[in-house]
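Work through the exercises below with the model open. Try each task before reading its solution.

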Amino acid sequence: MIDVHSHIIPKIDDGSNSFEESYSMFIEAVKAGFTDIISTSHYIEDYYELDYIKRKAWIEAMNKVLKENNINLKLYCGNEIYITQNLINLIKEKKASTLANSKYILFELPMNNNVMYLDEIVFEIKSLGMIPVIAHPERYTFVQEKPNILLNLIKQGVLFQGNFGSIIGKYGNQAKNTIKKLLKANMIHFLGTDSHRKNDIYTKMTDIIKELEKIIGKAKLKELTELNPGHIIKNEEFEISKPLEIKMGFFNN
């Protein structure tokens, strides 16, 4: 599997606290079945702003350690960018990074507020020939309330990355129920751990995989954890499954 969302570089955001913790996360990831991890450290203007050159140096150093210790894992540079009207400039100026140096840009939204300029940002990203990927939509209150709102964004070319942990209730029942709906409706295109610590998601992957297989089956799971993420690594575009409208009602809200 390929993990497209992790906070595995130490001491640069709210993720790993030390290289030793990062190393433990590497071992956990391999045991869980991951062969590749994209490091998506937070990039939040005026808060978390470590530039690409320093993050790249971390990735190169950690890949060297992995190779020297015969650990079958490869790391790639990326960011989880907190949405800002300056997002495009952050990419152009190489302050923030795309996923694995590809055309895919991972960004997150406020948990409890709508972003009035979201369509504008999506248009700007697409106009540059790049592909917007929004992190963990199941965690946003506006998606939990109206999950079909993603249909229009998908039509605009937005892809969505769900969190593995949501399926076991890590972020609460609302997020758990929402990701189930989104998965069944083909509105999730990638799955990522969003790991921040050792003994976090990597150690729970056996139970998570079993639950996901019940919901979407092995073929769809492979698509979301290997095939689609593989297109990011190769910097390729791919055809997505047709999204389905989610029927809302008293018994399935």
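Buried means under 20% relative accessible area, exposed over 50%, and partly exposed in between, with a 1.4 Å probe and protein chains only. The model is predicted: local features need pLDDT of at least 70, side-chain atom pairs count only at pLDDT 80 or more, and totals for chains, interfaces and linings use all residues. Residues are numbered from 1 along each chain as its sequence is written, and side-chain values use heavy atoms, with hydrogens and water left out.

**Exercise 1. Backbone outliers**

Task: Find the phi sign of Lys94, and decide whether Lys94 is buried or exposed.

Solution:
- Step 1. Locate Lys94: the residue sits in the loop between α3 (87-92) and β4 (104-108). Helices (H or I, at least four residues) and strands (E, at least two) are DSSP runs, numbered from the N terminus.
- Step 2. Read phi. The value for Lys94 is near 60 degrees, positive in a residue other than glycine.
- Step 3. Apply the cut-off. Lys94 has a relative accessible area of 57%, so Lys94 is exposed.
- Step 4. Repeat for Asp46, in the loop between β2 and α2. Asp46 is not a glycine, yet its phi is positive, about 65 degrees. Its relative accessibility is 73%, so Asp46 counts as exposed.

**Exercise 2. Overall fold**

Task: How many helices and strands does the protein have, and how does its radius of gyration compare with the globule rule?

Solution:
- Step 1. Count elements: eight helices and seven strands.
- Step 2. Compare sizes. The radius of gyration is taken over C-alpha atoms, and the globule rule is 2.2 Å times the number of residues to the power 0.38. The rule gives 18 Å for 253 residues; the protein has 17 Å, which is close, so it is as compact as a globular protein of that length.
- Step 3. Check the extent. The C-alpha trace spans about 55 × 40 × 30 Å along its principal axes.
- Step 4. Check burial. Of the 253 residues, 53% count as buried.

**Exercise 3. The sheet**

Task: In what order do the strands of the open sheet run, and which are the edge strands?

Solution:
- Step 1. Trace the pairing (two strands pair if DSSP finds at least two bridges between them). The seven strands have the order β1-β2-β3-β4-β5-β6-β7, with parallel pairing.
- Step 2. Find the ends. β1 (2-6) and β7 (190-192) each pair on one side only.
- Step 3. Zoom in on one pair. Strands β2 (36-43) and β3 (74-82) run parallel, joined by eight bridges. Tyr43 stands opposite Ile81 in β3.

**Exercise 4. The pockets**

Task: Which elements give the most to the linings of the largest and second largest pockets?

Solution:
- Step 1. Set the rules. On a 1 Å grid over the protein atoms alone, a pocket is an open set of points where a 1.4 Å probe fits, with protein on both sides within 12 Å along at least five of seven lines; lining residues have an atom within 4 Å of a point.
- Step 2. Take the largest pocket. Its lining has 17 residues, and Tyr52, Cys77, Ser97, Ala100 and Asn101 lie nearest its centre. α2 (52-68) and β3 are the elements that give two or more residues. α2 gives the most, with five.
- Step 3. Take the second largest pocket. Among its lining residues are Phe142, Ile149 and Gln156. α4 (118-127) and α6 (149-155) each supply at least two residues. The largest share, three residues, comes from α6.
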